[in-house]
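Me: Can you walk me through this structure? I'd like to go through it piece by piece.

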Amino acid sequence: MGIGVAGCRALITGGTGSFGCTMVRRLLDGDAAEVRVLSRDEAKQDAMRRQLSDERVRYHVGDVRDRASVDRAVRDVDFVFHAAALKQVPSCEFFPLEAVRTNVLGSANVIDAAEAAGVRSVVMLSTDKAVAPVNAMGMTKALMEKVAQAHARDNPNSPTTVSCVRYGNVMYSRGSVIPLFIEQIRAGQSPTVTDPTMTRFLMSLPESVALVEHAFTHARPGDVFIHKAAASTVGDLAAALCQLFGAPEKIEILGVRHGEKLHETLAGREELARAQDFGGYLRVPVDCRDLNYALYFHDGDPTGLAATDFTSANARRLAVPEIVELLRALPQVRAELAAHDPALAS
Ligand SMILES: O=c1ccn([C@@H]2O[C@H](COP(=O)(O)OP(=O)(O)O[C@H]3O[C@H](CO)[C@H](O)[C@H](O)[C@H]3O)[C@@H](O)[C@H]2O)c(=O)[nH]1
């Protein structure tokens, strides 16, 4: 890592997930003294313990909903990466209160526990689905961002910097569409596409970790960092996977699922008007005005609005050959290709 984690203690909530595992490895490579994983599933922790076999990693069974378990895990920690969340769109639609408990109240627990323990920096993982949300997962992540921003506004002298990162779909993450399409193609079935014109921002797991590291290095309290990702249609994604696995380019149309948007938005126009451009990333600072709007009336708001939102419909569109190359670069896809047909993997 480009930042000083050597000798530090870090906590990763939801540390056994795709992001968590990658982040744990990065911290260990950066010579962190201790990396704590807080998660609910002891079986996943046990698998990770055996796989990593590194005594600097400490496993805490607990739940962000339970403040006491967060307090125990955060004691004497320097940095927190908050990845624990309910993030499946359809299941959050059916159990919205569960999403509130984990994504909103659990996140507030993480911030409060970090503040009480004197943690230096907390980076919270958000999603494009939090912008103008239409589903419970996105709504609760939007509220998580608001809780982080309120902490910054209400605690200007806090030693704890709380920031958020917002990104789109991480390719080949657990339970996502890419492993599903591969499983279908390898079984000789056609990929089940909801709507071939639907678009999603795509990024790799290392890119998501790089964004978190950027936030960790550059964050001011309440900042939201956004990855300026490229996007693809789901139809092109299915076509790229069919090409890669040498399968006929035939799809089955499912129709849109509960709570899905046709296109995602990574930054709204109001945010874009205030955002700072860091090349690959945008920083949206917190609006630090308080409720005394009359105080600001005479000065006016100099920023105005941007002309349009940054969406997966107007972002750079990946062409099928580019998607093929991005997929081929993923270690999990290469492993699937090798298992399917070694000739295709070379
Ligand atoms: O059988 C399927 C399943 C999905 N899709 C489409 O593929 C795209 C991606 O779907 P994912 O389920 O991979 O991801 P979502 O955009 O629904 O994203 C959410 O669900 C993911 C897991 O399903 C992750 O949790 C992710 O963080 C969360 O934002 C969507 O346009 C979806 O409509 C299909 O075409 N066919």
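Reply: Sure. Let's begin with Arg 334, which is partly exposed because 13 to 19 neighbours is the in-between range and Arg 334 has 15 other C-beta atoms within 10 Å. Keep in mind that this is a predicted model.

Me: Where does Arg 334 lie?

Reply: Helix α13 holds Arg 334.

Me: And which residues is Arg 334 in contact with, leaving aside its neighbours in sequence?

Reply: Arg 328 and Ala 345, once residues within four places in sequence are set aside. As for Asp 29, that residue sits 305 residues away from Arg 334 along the chain, and their C-alpha atoms are separated by 24 Å.

Me: OK, ligand next. Which residues come nearest?

Reply: There are 19 residues around the ligand, and the nearest are Lys 87, Ser 176, Val 177, Thr 194 and Met 198.

Me: Which helix and strand each supply at least two residues of that shell?

Reply: Those are α7, residues 177-186, and β8, residues 192-193.

Me: How do the shell residues divide into nonpolar, polar and charged?

Reply: Seven are nonpolar, eight are polar and four are charged.

Me: Stay with α7 for a second. Is Ile 178 buried or exposed?

Reply: Ile 178 is part of helix α7. It's buried, because it has 23 C-beta neighbours inside 10 Å and 20 is enough to count.

Me: What does Ile 178 touch?

Reply: Not counting residues up to four places away in sequence, Ile 178 touches Met 171 and Tyr 172. Val 234 is 56 residues from Ile 178 in sequence, with 9.9 Å between the two C-alpha atoms.

Me: Tyr 172, then. Where does it lie?

Reply: Tyr 172 is in the loop between β7 and α7. Its phi is near 65 degrees, which is a positive value in a residue other than glycine. Tyr 172 is partly exposed, with 19 other C-beta atoms within 10 Å.

Me: Which other non-glycine residue has a positive phi near 65 degrees?

Reply: Asp 31 is one. You'll find Asp 31 in the loop between α1, residues 18-29, and β2. Asp 31 is partly exposed, with 13 other C-beta atoms within 10 Å.

Me: What does β2 pair with?

Reply: Strand β2, residues 34-39, runs parallel to strand β3, residues 57-61, and five bridges join them. Val 35 stands opposite Val 57 of β3. Add helix α2, residues 42-52, and β2, α2 and β3 make a right-handed β-α-β unit.

Me: Switching to β4. Which way do its side chains point?

Reply: In β4, residues 79-82, Phe 79 and Phe 81 point one way while Val 80 and His 82 point the other way, and all are buried. That's the general pattern: side chains in a regular strand alternate between the two faces of the sheet.

Me: Which strands does β4 pair with?

Reply: Strand β1, residues 9-13, pairs with β4 in the parallel sense over four bridges. Strand β5, residues 121-127, also pairs with β4 in the parallel sense, over four bridges. Phe 81 stands opposite Ile 12 and opposite Val 123 in β5.

Me: There's an open sheet of three strands too. What's its order?

Reply: The order is β7-β9-β11, with mixed pairing. The edge strands are β7, residues 169-170, and β11, residues 230-233, each pairing on one side only. β9, residues 199-203, and β11 run antiparallel and are joined by four bridges. Phe 201 has Ala 231 as its bridge partner in β11.

Me: And α9, how many of its residues are buried?

Reply: Nine of the eleven, so to speak a mostly covered helix, spanning residues 234-244. Among the buried ones are Gly 235, Asp 236, Leu 237 and Cys 242.

Me: What covers them?

Reply: The cover includes α7, β8, β11, α12 (residues 320-328) and α13 (residues 331-340). Following α9 is Gly 246, with a positive phi near 65 degrees.

Me: Last one. Which domain does UniProt place here?

Reply: The UniProt record, an unreviewed entry, puts "domain: Polysaccharide biosynthesis protein CapD-like" at residues 11-284. That span is 43% helix and 22% strand, and its end C-alpha atoms lie 25 Å apart.

Technical notes: Residues are numbered from 1 along each chain as its sequence is written. This is a predicted model: local features need pLDDT of at least 70, side-chain atom pairs count only at pLDDT 80 or more; totals for chains, interfaces and linings use all residues. A residue is near a molecule or strand if its C-beta atom, placed from the backbone, lies within 6 Å of it. Ala, Val, Leu, Ile, Met, Phe, Trp, Tyr, Cys and Pro count as nonpolar, Asp, Glu, Lys and Arg as charged, and the others, Gly among them, as polar. Two strands pair if DSSP finds at least two bridges between them. A residue is buried if 20 or more other C-beta atoms lie within 10 Å of its own, exposed if 12 or fewer, and partly exposed in between; C-beta atoms are placed from the backbone. Two residues are in contact if their C-beta atoms, placed from the backbone, lie within 7 Å. A crossover is right-handed if, with the strands pointing away from the viewer, the path from the first strand over the helix to the second runs clockwise. UniProt positions are given in the numbering used here, feature names are shortened, and annotations may be inferred rather than shown by experiment.
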